[in-house]
Amino acid sequence: MPASQRSTARKSEVPLDQVRRYLEPGPVLLVSSAHEGESDVMVMGWHTVMEFSPSLVGCVISRANHSYGLIRASGECVLNLPTRAQLEQVLGVGSTSGADIDKFAAFGLTPEPAERVGAPAIRECHAQFECRLHDDSLVERYDFFVWEVVAARALATPRHPETLHYQGDGMFMVAGPTIRRRRRGLK
Ligand SMILES: Cc1cc2nc3c(=O)[nH]c(=O)nc-3n(C[C@H](O)[C@H](O)[C@H](O)COP(=O)(O)O)c2cc1C
């Protein structure tokens, strides 16, 4: 169907619990954390940029996750960016609990010291964003954390990695072509 007809075609209802499929925000991340000698890693499918400078990122970290306790107590984490090649590790990390196993060892993820936080970074990931808690006023109500990224590192190549974007129910979108359209006033 040509694009001109697509917007006028009748739209069918979207079940409200599937809205996330259309509002997918950004790449799947591996969130690493540590507290009092214990460390863990979980998958995060949804997050949002809240401010460019300082660099603020908001996300839900469910209190049902083992990571929650480490993150709540330390007020720190590292957001690590995996790529398509790491899908199996993402699935493993996202379907097990650090309360039962050492996920770094189980899924071949190498923890390495971060620069500015106590949580470990993950060596195999394309990029690492070290975070300190900026605002916890929505944690009690929504498990919503606002982080300030205090240090960030990424591989120079590939420039546009094949990141994974989660649509729910086991569906992942892989980052595709990039379009550059520079215009004055565009942020
Ligand atoms: C693709 C994917 C996306 C996920 N996104 C989130 C998320 O945004 N927030 C969250 O709290 N849990 C999310 N989870 C669930 C946790 O990653 C999962 O429960 C994990 O096993 C928790 O590990 P832990 O108990 O060791 O902390 C996601 C899982 C998967 C597989």
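Let me begin with Trp-46, which at 32% relative accessibility counts as partly exposed. I should say at once that what we have here is a predicted model, and that the values I quote are computed from its atoms.

Trp-46 takes part in one of the aromatic pairs, of which a search of the whole structure finds four. Its partner is Tyr-166, with the ring centres 5.6 Å apart and the planes at 55°, so this pair falls in the tilted class. Trp-46 sits in the loop between β2 (38-44) and β3 (47-51), whereas Tyr-166 belongs to strand β10, so the contact ties together parts that are 120 residues apart in sequence. In contrast to the partly exposed tryptophan, Tyr-166 is buried, with a relative accessible area of 19%; the limit for buried is under 20%, so I would read that label with the number beside it. Trp-46 and Tyr-166 also join Phe-172 in one aromatic cluster.

What is the geometry of the aromatic pair formed by Tyr-68 and Phe-145? This one is edge-to-face, at 5.9 Å centre to centre and with 75° between the planes. Tyr-68 lies in helix α2 (residues 66-74) and Phe-145 in strand β9, so here the pair ties together parts that are 77 residues apart in sequence. Tyr-68 is buried at a relative accessible area of 12%, and Phe-145 is buried as well, at 1%.

Let me step back to the chain as a whole. The protein chain has five helices and 11 strands, and its C-alpha atoms fill a box of roughly 60 × 40 × 35 Å along the principal axes. For 187 residues, a compact globule would have a radius of gyration near 16 Å, and the 18 Å found for the protein chain agrees with that. Of those 187 residues, 37% count as buried.

Turning to charged contacts, the count comes to eight salt bridges. One of them is between the side chains of Arg-72 and Asp-136, at 3.2 Å from N to O. Arg-72 lies in helix α2 and Asp-136 in the loop between β8 (127-135) and α5 (139-142), so the pair ties together parts that are 64 residues apart in sequence. Both ends are partly exposed, Arg-72 with a relative accessible area of 30% and Asp-136 with 35%.

Another salt bridge joins Arg-84 and Glu-162, at 3.0 Å from N to O. Here Arg-84 is in the loop between β5 (76-81) and α3 (87-94), and Glu-162 is in the loop between β9 and β10, so this contact ties together parts that are 78 residues apart in sequence. Arg-84 is partly exposed at 45% relative accessibility, as is Glu-162 at 40%.

Arg-153 and Glu-115 form a further salt bridge, with the closest N and O atoms 3.1 Å apart. This pair links distant parts of the chain, Arg-153 being in strand β9 and Glu-115 in the loop between β6 (111-112) and β7 (121-122), 38 residues apart. Arg-153 is partly exposed, with a relative accessible area of 26%, while Glu-115 is exposed, at 59%. In addition, salt bridges that share partners join Arg-63, Glu-140 and Asp-143 into one network.

Now the cysteines: how many disulfides does a search of the whole structure find? The search finds zero. Cys-59 is in no disulfide, the nearest cysteine sulfur being that of Cys-77, 6.5 Å away, and a disulfide would need the sulfur atoms within 2.5 Å. For Cys-125 the closest cysteine sulfur is again in Cys-77, but at 13 Å, which is too far for a bond. Cys-59 counts as buried at 1% relative accessibility, and Cys-125 is buried at 5%.

I will end with the surface and the loops. Leu-16, Val-19, Tyr-22 and Leu-23 form a nonpolar surface patch with about 470 Å² of accessible area together. Of these, Val-19 is found in the loop between α1 (3-6) and β1 (29-35), and is partly exposed at 32%. Gly-37, in the loop between β1 and β2, counts as exposed at 87% relative accessibility; Gly-37 and Gly-118 are 81 residues apart in sequence but 9.9 Å apart in space, C-alpha to C-alpha. Finally, Pro-158 lies in the loop between β9 (144-154) and β10 (164-168), and the C-alpha atoms of Pro-158 and His-126, 32 residues apart along the chain, are separated by 8.9 Å.

Technical notes: Residues numbered from 1 in each chain as written. Predicted model: local features only at pLDDT ≥ 70, side-chain atom pairs only at ≥ 80, totals over all residues. Heavy atoms only, no water. Patch = residues over 30% accessible without salt bridge, like charges linked within 9 Å, V, L, I, M, F, W, Y side chains within 5 Å. Areas by Shrake-Rupley, 256 points an atom, 1.4 Å probe, with all protein chains shown as cover. Salt bridge = Lys/Arg side-chain N within 4 Å of Asp/Glu carboxyl O. Helix = DSSP H or I, 4+ residues; strand = E, 2+ residues; numbered from the N terminus. Buried < 20%, exposed > 50% of the residue type's maximum accessible area, 1.4 Å probe, protein only. Phe/Tyr/Trp six-rings, centres within 6.5 Å; stacked < 30°, edge-to-face > 60°. Rg over C-alpha atoms; globule rule 2.2 N^0.38 Å.
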